[in-house]
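Thanks for passing this one along. Here are my notes, set out point by point, for you to read with the model open beside you.

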Amino acid sequence: MPIYYSCDSHVVEPPEVFAGLAERFGDRAPRIVTEYNGRAGTMLLWPELKRALPVGRFGIAGHRLDDPETHERILRGWDGMNPGVRDPVARLKEQAQDGVVGEVMYPSLNMFTFSNPDREVVQAVFRQHNDWIRDYCSTAPERLIGVACLPLPDVEASIAELQRAAKMGIRGVAIPC
């Protein structure tokens, strides 16, 4: 029987990755909103980027965009996603259903964080992301392989976060093009 690894999977970062940032950074911080510029749905708002990302759009694997139910799922944000998005034990069950024995999991929402010009906020978001991915993957580190985010292009901060992530057992990092 073949053994399959997914080497380009993604997590959809939960609200706790962004928790407490508004208290620390005010309007500079990303925040979860349920409406933006007249658009309904759970979104991650980046004030610095003047952009709101529909959270649910990142968690619709296995669903067709031409299906109205998919758009309902998107509006529900995390609540419309497969259970394994938030629950690592459920993700292991989903892996078994799909015949996958492990995944390398990259960020989704935080891919946009790399483009934020406020490096202090980026560093805080990525630190929380890296703590969260460590905890998520701790359920089955041989099957759930999380990828850390580094606060590039700040080389010194990135080296420090790389070393911290490595000490936590994280085995890969995202370096956007």
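1. Let's start with the sheet, keeping in mind that this is a predicted model. Four strands make up an open sheet, in the order E1-E5-E6-E7, and their pairing is parallel. At the edges sit E1 and strand E7 (172–174), each of which pairs on one side only. From one strand to the next, the twist averages 25°.

2. For a closer look at one edge, follow E6 into E7: the two pair in the parallel sense over three bridges. If you want a residue to click on, try Cys149, whose bridge partner in E7 is Ala174.

3. Next, a helix packed on that sheet. H3 lies across E1, E5 and E6, and runs at about 125° to E5. Please keep H3 in view, as the next point comes back to it.

4. Now the largest pocket, which has a volume of about 520 Å³. Its lining counts 22 residues, and those nearest the centre are Ala61, Asn82, Arg91, Glu94 and Glu103. Strand E1 (4–10), helix H3 (88–98) and strand E5 (100–106) are the elements that give two or more residues to this lining. Which of them gives the most? That is H3, with five residues. By character, the lining of the largest pocket divides into seven nonpolar, ten polar and five charged residues.

5. The second largest pocket has a volume of about 150 Å³. Among the residues lining it are Ile133, Arg134, Cys137, Leu144, Ile145, Met168 and Arg171. Two or more residues of this lining come from each of helix H4 (119–137) and strand E6 (144–149). Here the division is seven nonpolar, three polar and two charged residues.

6. Lastly, the aromatic side chains. How many aromatic pairs does a search of the whole structure find? There are three. One of them joins Phe114 and Phe126 in a tilted arrangement, with 4.7 Å centre to centre and 55° between the planes. Phe114 belongs to the loop between E5 and H4, while Phe126 is in helix H4, so this pair ties together parts that are twelve residues apart in sequence.

7. To tie the points together, E5 is worth following through the model: E5 lies between E1 and E6 in the sheet order, H3 lies across E5, and E5 gives two or more residues to the lining of the largest pocket. E6, for its part, pairs with E7 and gives two or more residues to the lining of the second largest pocket.

Technical notes: Residues are numbered from 1 along each chain as its sequence is written. This is a predicted model: local features need pLDDT of at least 70, side-chain atom pairs count only at pLDDT 80 or more; totals for chains, interfaces and linings use all residues. Side-chain values use heavy atoms; hydrogens and water are left out. On a 1 Å grid over the protein atoms alone, a cavity is a set of points where a 1.4 Å probe fits but cannot get out, and a pocket is an open set with protein on both sides within 12 Å along at least five of seven lines; lining residues have an atom within 4 Å of a point. Grid points are joined across faces, edges and corners, and a volume is the space filled by probe spheres set on the points. Ala, Val, Leu, Ile, Met, Phe, Trp, Tyr, Cys and Pro count as nonpolar, Asp, Glu, Lys and Arg as charged, and the others, Gly among them, as polar. Two strands pair if DSSP finds at least two bridges between them. Axes are lines fitted to C-alpha atoms, for helices over the stretch in contact, and angles run from 0 to 180 degrees between N-to-C directions. Contact means heavy atoms within 4.5 Å. Rings of Phe, Tyr and Trp (its six-membered ring) pair if their centres lie within 6.5 Å; planes under 30 degrees apart count as stacked, over 60 as edge-to-face and the rest as tilted.
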